[in-house]
Amino acid sequence: MALALALAAVAVVFPAAPGSPSSPAGNASGALDASFDPSTTRNVEPVGLLVDGAGGIVVVGRSVATDDIFDRRVGLARHVLPHGEWDPAFGVEGRVETSTTIENDGGIELATALLDGAGRIVVVGSLHQDFLVGRFLADGSADGSFGTGGWVEVDVGASERANGAVVVGTDLVVVGESWVGDDTDIALARLDEDGEPVAAFSGDGRVTFGGAGSQRGLAVAALDGDLYVAGEDDDHFHLARLDAAGNLVPAFDGDGRLTLDFGGGAYRDDAGLAILAVDGELVASGRARLSYAGEVQENAAFVRVTPTGALVDTFDGPDGDGDGMFTVNAASSVDLDVDDEASSLLLDGTALVAGGSSRFWGASSGFLLKLDATTGAPAADFHGPYDQPGVVASPFLRPVRGLGATATGYAVAHRELFTAYRVSHFDRVTGAIDRAFGQPDRPVGVTAGPGDRRVTVSWSPLADTGALPLTAYEVVASPGGATATVGPDATTASVTGLDNGTAYSFTVRARNVLGAGPDSAPASGTPVAPPTTTTTASPAPPAPRARPPLPPRPPLRPRRPRGRAGG
């Protein structure tokens, strides 16, 4: 991809077991690759992203032990806006990892996830070459009222793989493919709220249809009680309509099935990967292989049809040819060897938002497209930091594996490398990355205490540390930019080397491996020199008084010899 985008995102992992240690380490792209204990390291494959009624972001995926590919589990995680931290009320510290209650030989394959009308999390995939459905409550626990311990395995009659699902009232309809030998048919199963087959749907809750060759059901939508399947029919973009009893509806293009030709000729490898009901009509997205000047390229493909299968000619996208179908290349030029497919689709008011993946010179990346739901025209202001209207694309934006609308933008789950998935959040209007997502909140309660050529800054412990552990706090002084960095548990720091008598403003920000969060409100402080002390000298002691000299002693008189008497 010729475009580039520096992302701020969250990449996280499902724990091997509650409380198992992890060792996060950042990388230059702004993502986090977190590893488990070496004996239980697991690779993660996200398959869906849901935005629940409380505004939380739920990511669903599969985790596989790196030392045992048959050790496969289902993982869920719930993130809370605005910073993406894990929800402590969901599972264990925001995450759940579980195996099915059905005998499991390690063959779990996950396809998609969705919310039912009661806000429960529904996981759809395959096990033992049968359809597999699991249901979880809002807190991440398995819903024991559904099937066996929250799980249902459905045998449609041959070897099956589930690819998509839709909620219809209190029922769940799963779509996929069923095969015997080289022949593959479209397969559907309809379950009631308890996980039991709905007998009114073809008598046993199961339907297959197709013909010679390969037909696959990849997505399904509901409109006015009928089901609309998107998929492929021998490399053609294929749509079908069934009624509530599981019968093909002849009013839809004459036989209940519609095959579309995007012009790929012999190079065709087309498929419908997502489908939505929009204002009483159907919009589907997927891929279409085309040829430009002898070069084969896959583009993201879009089509809008009525319930009778007629193309809606006002939905003509960027090409403006008025035929109700068009393709979009997420690169800035069609002469690049870029293959695109739009595998996720949501309706946001009057806009369609599609997520998908691109393959460019062997590397996989992702993109978001925003189009007018009526005309297919690109949203002019939605382009991130680039100039191609309606497209946010980058080799650093990993392939999209789930897409949801939040109150302020679009949350996206990506396939990250090996042991992590990535969650990103984009602005609804501009497509700019939300750099607050995944980062810690701003510190509060900041005060500054002056000292000699220094100021000691204090703050309150951070209540919202973001999705990942803190690594440090940084204090910045203005003017001058002097800084102090302390550990993640500190609540004070001293900024040194300041000029006494100069008024400074100090801000504090918390940092994790994704980067620094927003600055705190400033606190003012002015370093001051300590007061000077005047010292008074003590008076000198008085000099000792001189003693007057003694008078000279008189000379000694010679002694007279003493004689004896009478001599």
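Colleague: At 25% relative accessibility, does Glu 45 count as buried or partly exposed?
Modeller: This is a predicted model, and every value I quote is computed from it. Buried would require a relative accessible area under 20%, whereas exposed would require one over 50%. Because its relative accessibility is 25%, Glu 45 counts as partly exposed.

Colleague: Which residue does the side chain of Glu 45 meet in a salt bridge?
Modeller: The partner sits in strand 5, 17 residues away from Glu 45, which itself belongs to strand 4, and the pair thereby links distant parts of the chain. That partner is buried, with a relative accessible area of 7%. The N to O distance in the bridge is 2.8 Å, and the residue on the nitrogen side is Arg 62.

Colleague: Over how many bridges do strand 4 and strand 5 pair?
Modeller: Strand 4 covers residues 42-51, and seven of its 10 residues are buried. The two strands form a hairpin with five residues between them, and in the turn Gly 55 has a positive phi of about 85°. Val 51 stands opposite Ile 57 of strand 5. The pairing of strand 4 with strand 5, residues 57-65, is antiparallel, and the number of bridges is nine.

Colleague: Which strands stand at the edges of the open sheet with the order 13-14-15-16?
Modeller: The sheet has four strands with antiparallel pairing. An edge strand has a single partner strand, so one side of it is left without a neighbour in the sheet, and this applies to strand 13 (159-168) and strand 16 (206-209).

Colleague: Which residue of strand 15 stands opposite Val 174?
Modeller: Strand 14, residues 171-180, and strand 15, residues 183-191, pair in the antiparallel sense over nine bridges. In this pairing, the residue of strand 15 that stands opposite Val 174 is Ala 189.

Colleague: How far apart are the closest N and O atoms in the salt bridge between Arg 289 and Glu 298?
Modeller: Glu 298 lies in strand 23, residues 295-305, and is buried, with a relative accessible area of 3%. Arg 289, by contrast, is partly exposed, with a relative accessible area of 25%. The two form a salt bridge in which the closest N and O atoms are separated by 3.0 Å.

Colleague: Which residue makes a side-chain polar contact with the side chain of Asp 233?
Modeller: Asp 233 lies in strand 18, residues 226-233, and counts as buried at 16% relative accessibility. Leaving aside residues up to four places away in sequence, Asp 233 touches Ser 214, Gln 215, His 238, Arg 257 and Thr 259. The side-chain polar contact spans 3.0 Å, and the partner is Gln 215.

Colleague: How many residues apart are Glu 474 and Arg 509, whose side chains meet in a salt bridge?
Modeller: The N to O distance of this bridge is 2.8 Å. Glu 474 is in strand 34 (residues 472-478) and Arg 509 in strand 37 (residues 504-512), so the pair links distant parts of the chain, and Glu 474 counts as buried at 14% relative accessibility. Arg 509 counts as partly exposed at 26%. Along the chain, the separation of Glu 474 and Arg 509 is 35 residues.

Colleague: What percentage of the residues of the protein count as buried?
Modeller: The protein has zero helices and 39 strands, and its accessible surface comes to about 24,900 Å², of which 52% belongs to carbon and sulfur atoms. Of its 567 residues, the share that counts as buried is 50%.

Technical notes
Residues are numbered from 1 along each chain as its sequence is written. This is a predicted model: local features need pLDDT of at least 70, side-chain atom pairs count only at pLDDT 80 or more; totals for chains, interfaces and linings use all residues. Side-chain values use heavy atoms; hydrogens and water are left out. Buried means under 20% relative accessible area, exposed over 50%, partly exposed in between (1.4 Å probe, protein chains only). Accessible areas come from the Shrake-Rupley method with a 1.4 Å probe; for residues, only the protein chains shown count as cover. Two strands pair if DSSP finds at least two bridges between them. Contact means heavy atoms within 4.5 Å. A polar contact is a pair of N or O atoms within 3.5 Å; within protein, one must be able to donate a hydrogen and the other to accept it, and residues adjacent in sequence count only if both atoms are side-chain atoms. A salt bridge is a side-chain nitrogen of Lys or Arg within 4 Å of a carboxyl oxygen of Asp or Glu.
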